[in-house]
Amino acid sequence: MSRYAEVVLGLPLTKTFTYVIPEICRDLVKVGSRVLVPFHRREITGFVVGLKSRKKGEDFELKDIREVLDDEPVFSEEFLSFTKEFSTASFCSWGEMLQAALPPSYVPKSRVKMSLSEEGEKAIQNDSLDKEEKEIIKLLRKGTYTRTHIKRKIKQKNLSAVLARLERRGLVLRQSDLKKMRRRVEKEIDLTPVQLEMDFSLDEEIRKASGIISESLGRNIFLPFYLYASRHKRETIYFDLIKKILNIRKRVLFLVPEIRLTASLQEKFTKKLGENVALLHSQLTAKQRESEWERIRTGRADVVVGPRSAILSPLTNIGLIILDDEHDESYLQKENPSYDARRGALLRAKQFSSLLISGSSIPSVEAYFLAKRLGYLVEIKEEAADRKVEILREKAGKRIVEERLIREIGQRLSGKKPDPVIIFFNRRGYVSFVICPCCRYIPRCERCDVTMSFHKKEGKLLCHYCGFSSPKMHTCPECWGKLVFGKSFGIEVVEEELKSRFPGKRIVCFDSDRVRTRKDQEEILSRFGEKKIDILLGTQFLAHQDNIPPVSTVVILYPEIFLTLPDFRASQKTFQTVSQMTNCLAKEGDPRLFIQTSNPEHYSIRHAAFDDYGCFYDQEIKYRRLMNYPPFSRLAEILLTGENLRTLARESRKIFSCVKEQDSPIETWGPALASVSRIRGKFRVQVVLKSKKKRALDRALLKSLERVKSRKTVFLHE
DNA sequence: AGCACGCCGACT
DNA sequence: GTCGGCGTGCTC
């Protein structure tokens, strides 16, 4: 019987910790169980990843596990080994990844809360308190709060000292609170044997593509495919394969970019595959999340559809992983634990010997290159979209909407039959900054290193990074000069311009500031479909919608905003965005695309406009080769964050010197401040490592990261 | 991540 | 002289 448990914690620590298993729960603790453990004067949830009968070399007293939270482990051994590998490959903490794999309510943590003692109650009367102490006592009469909550409520500089003093005098007590959740556990069941009808009405090319992939179905080995085809054809193939997989009694993990999880998609899935589908998305309530999670774990769902986090769902017996819209950047989790669901899909498919199908009609050049070179590209050729394209040159910011475009739009709106137009422009707000003409003062966010955007409709200044807003300012607080608008205008300006040019027309602005709920989104889009809106104006937020009614005219204004990003994939992002914006163009009836840009020759804009992925790819891959960027090298972006810039500077230099010690050919850039050097009060310092040799880079990363103490996030590109 | 400990400047 | 800020280090 094992006496010790090896436990990982949901903290940014690479270590595992050893705890003593108390006699009474020796046969209760299992690998994969959640346990409650004391940790540095706190009690937190840990995950048992191993059992052992003797401790190894720890020369201090080990602490006891406080409580075992599961009768039935939350993690299977195979899931543990997958997440271990995945977190290592992502350079993030295993414990944090495990924590992210569970519904949040499954991870109880004790927090030290402060409450008032009887003496404290009395102390208010006998007037033995100073002003600061009184303030705290008054707050605590209303309830018990955590220290951080008190700090937020009471703006005293030396708060922790005052609290300590009150505690010493016995007026204030510490309480540890812990909300534990009982898990309702049902028995695991086998795959529900549903015999799904095969669809023999598929056309030749689709049947062929599906055949190539499903040939290896019964073989139980890892095989990757890249499906380069239109959305419609991809979906047909996916469903065909899903049925085949379910018929051999295996399960399917279907990953989609965040935004595509709409009601329409849900309907499509349940219609085609029955009730055994679990759909995960960000708008599930805590309760729903728990029940879906348990449903998946116990095998009551045979297909799981979800965004990037679904790669961490407890699905077993996976026969197929689908990674649709592979190019989509939302597969990257940027917050800790940071990971790329695409990498996770590859690892999980490898580990469980399942098929992996990535698919897109505009693949990332990295994935396309690899698929071609390793021979797993399945391509269904498509005619380029039939559309008339006009690219107008206009200096960025000079004209809002080019005269010629106004005429074109006017023509469409004035005809006998209303012919609605969609216009894209990708900057929120009215202007991205306001400025005092006398002293050059520009209002900036208190907590982020960015200017405050001015939003005219809501009459406020808004930080686009942390959401902090302040009321509209008219005069400069420094010199009382009258503030004027900065030159980089946003979508509200475009809206104003259109309204003045087309009075009486129904113009609706679709951006994340105006359209808040899913209901609003669907309401506007359906109104647009009924031709009750003349011009639908939107940002990227509109482009992301997948159920936009097709139109015959799309206008894109200044898509080059992305090209100014300090990112080696800026062209690819531009290509993808423009492509996405053209998605809502009708296939028939003389569709027209207008682009107004200061950079009409740029290949990413041009090839996207003409729906020519091939040409874009050829040019982009040339540039990547020339500059030695991925896929021709491996590039790691290390981001250090913290409140203290000095510490960050020192820590980031450590990486630099550590890489130099490894005598392998690794290019380093930085350390440098990230392009937005501070977000939510935390500074951001960046170091980039680049190398042809993957192994060398991994080794250097591992070596240097273990020396760095600050919070770090690694983004890998290859 | 939190949370305590310990070392240097501005004040009762 | 002390108080209290904040950098540093540790957590089985």
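**Entry: H12 and H19**

I began with helix H12 (residues 365–374) and helix H19 (residues 613–627), and I noted that they pack at an angle of about 95° with their axes 10 Å apart. Because of that angle, I put H12 down as roughly perpendicular to H19. I should record here that the model is a predicted one, and I read every value below with that in mind.

I then looked up which residues make the packing: on the H12 side I found Val-365, Glu-366, Tyr-368, Phe-369 and Lys-372, and they meet Tyr-613, Phe-616, Tyr-617, Glu-620, Ile-621, Arg-624 and Arg-625 of H19. Sorted by class, the contact of H12 with H19 holds seven nonpolar and five charged residues, with no polar ones.

**Entry: H1 and H11**

Next I turned to helix H1 (residues 77–90) and helix H11 (residues 341–351), whose axes come within 10 Å and cross at roughly 140°. H1 and H11 are therefore oblique to each other, and I noted the crossing of H1 with H11 as right-handed.

From H1 I listed Glu-78, Phe-79, Ser-81, Phe-82, Glu-85, Phe-86, Ala-89 and Ser-90, and from H11 I listed Arg-343, Gly-344, Leu-347, Arg-348 and Gln-351, as the residues that make the contact. The classes in the contact of H1 with H11 came out as five nonpolar, four polar and four charged residues.

**Entry: H7 and H8**

I looked up one further helix pair, H7 (residues 204–214) and H8 (residues 231–247), and found that their axes come within 10 Å and cross at roughly 45°. With that angle H7 is therefore oblique to H8, and the crossing of H7 and H8 is right-handed.

The contact draws on Glu-205, Ile-206, Ala-209, Ser-210, Ile-213 and Ser-214 from H7, together with Lys-233, Thr-236, Ile-237, Asp-240, Leu-241 and Lys-244 from H8. By class I recorded five nonpolar, three polar and four charged residues in the contact of H7 with H8.

**Entry: DNA strand B**

I then asked which residues come nearest to DNA strand B. Of the seven residues around the strand, I noted Pro-12, His-40, Arg-41, Arg-42 and Arg-711 as those that come nearest. The residues of the surface near DNA strand B divide into two nonpolar, one polar and four charged.

Turning to the strand itself, I found that 56% of the DNA strand B atoms within 4 Å of the protein belong to sugar or phosphate, while the rest belong to bases. I followed two of the listed residues further: an N or O atom in the side chain of His-40 is 2.7 Å from a base nitrogen of DNA strand B, and a polar side-chain atom of Arg-711 lies 2.7 Å from a phosphate oxygen of DNA strand B.

**Entry: backbone details in loops**

Last, I checked some backbone geometry. The peptide bond from Asn-336 to Pro-337 is cis, with omega near 0°, and I placed Pro-337 in the loop between strand E14 (332–333) and strand E15 (339–340).

The peptide bond from Pro-630 to Pro-631 is also cis, with omega near 10°. Pro-631 took me back to H19, for I found this proline in the loop between H19 and strand E29 (634–642).

I also noted that Lys-531, although it is not a glycine, has a positive phi of about 60°. Lys-531 lies in the loop between helix H15 (518–529) and strand E26 (535–538).

Notes
Residues numbered from 1 in each chain as written. Chains lettered and ligands numbered in written order. Predicted model: local features only at pLDDT ≥ 70, side-chain atom pairs only at ≥ 80, totals over all residues. Heavy atoms only, no water. Axes fitted to C-alpha atoms, helices over the stretch in contact; angles between N-to-C directions. Helix = DSSP H or I, 4+ residues; strand = E, 2+ residues; numbered from the N terminus. Parallel < 35°, antiparallel > 145°, perpendicular 65-115°, else oblique. Left-handed = near helix turned anticlockwise from the far one by under 90°. Contact = heavy atoms within 4.5 Å. Nonpolar A, V, L, I, M, F, W, Y, C, P; charged D, E, K, R; others polar. Near = heavy atom within 4 Å. Polar contact = N/O pair within 3.5 Å; in protein donor to acceptor, adjacent residues only side chain to side chain.
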